[in-house]
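Let's take a walk through this model together, beginning where the chains meet and ending with the fold of a single chain.

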Number of protein chains: 2
Amino acid sequence: MSRLEIFFAECAETIDGQLDVLLPSDETEPTNLRAAVRWSVFAGGKRFRPALVFAVGKTFGAAEKDLKITAAAIEMIHTYSLIHDDLPAMDDDRLRRGRATCHVKFDEATAILAGDVLQTLAFQTIAEDENLSEKIRVRLISEIAQSAAKMVAGQQLDLEAEGRVISVEDLETIHQNKTGAMISVSARTGAIIAGASATELKTVSNYAAQLGLLFQITDDLLDATQTSEVLGKTAGKDERAEKATYVSLYGLPKARKLAENVHIGTCEELKKIRRETGLLREIADFILERQK
Amino acid sequence: MSRLEIFFAECAETIDGQLDVLLPSDETEPTNLRAAVRWSVFAGGKRFRPALVFAVGKTFGAAEKDLKITAAAIEMIHTYSLIHDDLPAMDDDRLRRGRATCHVKFDEATAILAGDVLQTLAFQTIAEDENLSEKIRVRLISEIAQSAAKMVAGQQLDLEAEGRVISVEDLETIHQNKTGAMISVSARTGAIIAGASATELKTVSNYAAQLGLLFQITDDLLDATQTSEVLGKTAGKDERAEKATYVSLYGLPKARKLAENVHIGTCEELKKIRRETGLLREIADFILERQK
């Protein structure tokens, strides 16, 4: 395994352990609700957002114990959004991370409630994190909530754009909200907990914004080129849903070129940080080159 | 108007003004999402939970400016839960507070997202309330989140109980979670912001628990005896859904008697508070006697 693969694996292990502690046991009533939450949380996700919290946090000198609870809370918010996005009224997806989506495994009502309670627990978790000062906790809740609200707005815009011709600017607005905001706040969270300066925080935000864009372009590329088996989720669904994507707007070759250019921009941003940023650079490389 | 009616009217005006400031304008993109949120938030609700925050807060000496933002946040959580509970996959209700429910007026996806973003905004709102210390803010977020999680668990239990024979104990567990927890934390919030002592807080919790139970019994009585026109929501739906209620378990006369006994218990609790508790007593009277 590469250094980055080891880093991701260690992050995933830490976060899974933390989530297991934070989430009610599936023997707690109502057991169906607890099982539905755990079904979706422990579905083998990449834990990319928590890894970004750790990577940025460690770059600026934060201790793992100060990062891991907020990182777990961010993963809860991410998972709640996946559960709700998969619902029949939204993307109507039956497969996620290689297995049945929450509403298919359980039922729609349980999936809606599982998403709801995961969001609740995310904010409770941060509010109760005694490793951090109360001042930092309210700041994190405020920033993460702002991004979670953007994520919801982005999903709404995305749904409304289905079957319509939209501009590149519209597509960017959708993704900056839908996926960019939570990726960006994951990076910012690491820097905030580490006590980074305002200038550093600005650079981290720019890095994360570029990284989020890169993530989305490669997501669109993978949806258009990979099989469901490889992705662990339904492939080719963007085209069937007549969804505007970087691939549908630019075509495959230009979308690939765009990804390469955004990757360069992401790495440029890192040069402004006067710290050892090798790990953050490797993450950008990984996103560019990922095959699933 | 009675003193209590004036109090409720003033609370509603304050909260509506506060919510109007806190919620994004319906000219903010995506406008459908903003309109859906405002449709449900400004549907003429009684603002009972905010009124309880104010009543308890003022009883223990808190200033209105310190109470109103958290009170608005609690109303956001209440409204999010109504939007989601009304969805086809849950209670499938088309009428609420005298008009079309959110998913009927807009669509299911928008209603799910409107509920989601209302919950997010509730926690953001408390985190950013500069009238309160950061210590109080994280405490409020923790307590309100715990109650919001219970509310979701209660809805799950309620759905699972439909069409089944359940015991009085099960029914109480459902309601303590589904409605009791948020009513209870509304009262506690007022006391926490006012800086009430631990003993006072305990008494407030007991008062609110009894009040929540009273609220549920009278809710069941109204569903069984009033018309949809009077209630502004679909009447008689409990019976059609074969839902266990205090009326289905005890019959009307015994359910009425139970309400009276719980009312007495609620008022007994107030005698332990060494403050002017006339307003809290009037609220208990109002719940017992309400006609909608």
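How many residues of chain B are in contact with chain A? In this predicted model, 38 residues of chain B are in contact with 38 residues of chain A. On chain B, the side that touches chain A draws at least two residues from each of α2 (31-41), α6 (108-127) and α7 (134-161). The largest share belongs to α7(B), which supplies 17 residues. As for chemistry, this side of chain B is made up of 21 nonpolar, ten polar and seven charged residues.

Now look at how the copies are arranged. A turn of 180 degrees, with a shift of 0.0 Å along the axis, lays chain B on chain A with an RMSD of 0.0 Å. That is the relation of a two-fold axis. If you want to find the axis from chain B, go to B:Glu134: its C-alpha is the nearest one in that chain, 2.8 Å from the axis. Both copies use the same surface, as 100% of the contact residues of chain B recur in chain A.

Next, turn to chain A by itself. Its secondary structure consists of 14 helices and two strands. Measuring along the principal axes, the C-alpha trace spans about 50 × 45 × 35 Å. A compact globule of 292 residues would have a radius of gyration near 19 Å, so the 18 Å of chain A agrees with that expectation. Inside chain A, 52% of the 292 residues count as buried. Among the contacts in chain A with a separation of 6 or more, 72% are between residues 24 or more positions apart.

Conventions. Residues are numbered from 1 along each chain as its sequence is written. Chains are lettered from A and ligands numbered from 1 in the order in which they are written. This is a predicted model: local features need pLDDT of at least 70, side-chain atom pairs count only at pLDDT 80 or more; totals for chains, interfaces and linings use all residues. Two residues are in contact if their C-beta atoms, placed from the backbone, lie within 7 Å. Helices (H or I, at least four residues) and strands (E, at least two) are DSSP runs, numbered from the N terminus. Ala, Val, Leu, Ile, Met, Phe, Trp, Tyr, Cys and Pro count as nonpolar, Asp, Glu, Lys and Arg as charged, and the others, Gly among them, as polar. Copies are superposed by least squares on the C-alpha atoms of residues with pLDDT of at least 70 in both. The radius of gyration is taken over C-alpha atoms; the globule rule is 2.2 Å times the number of residues to the power 0.38. A residue is buried if 20 or more other C-beta atoms lie within 10 Å of its own, exposed if 12 or fewer, and partly exposed in between; C-beta atoms are placed from the backbone.
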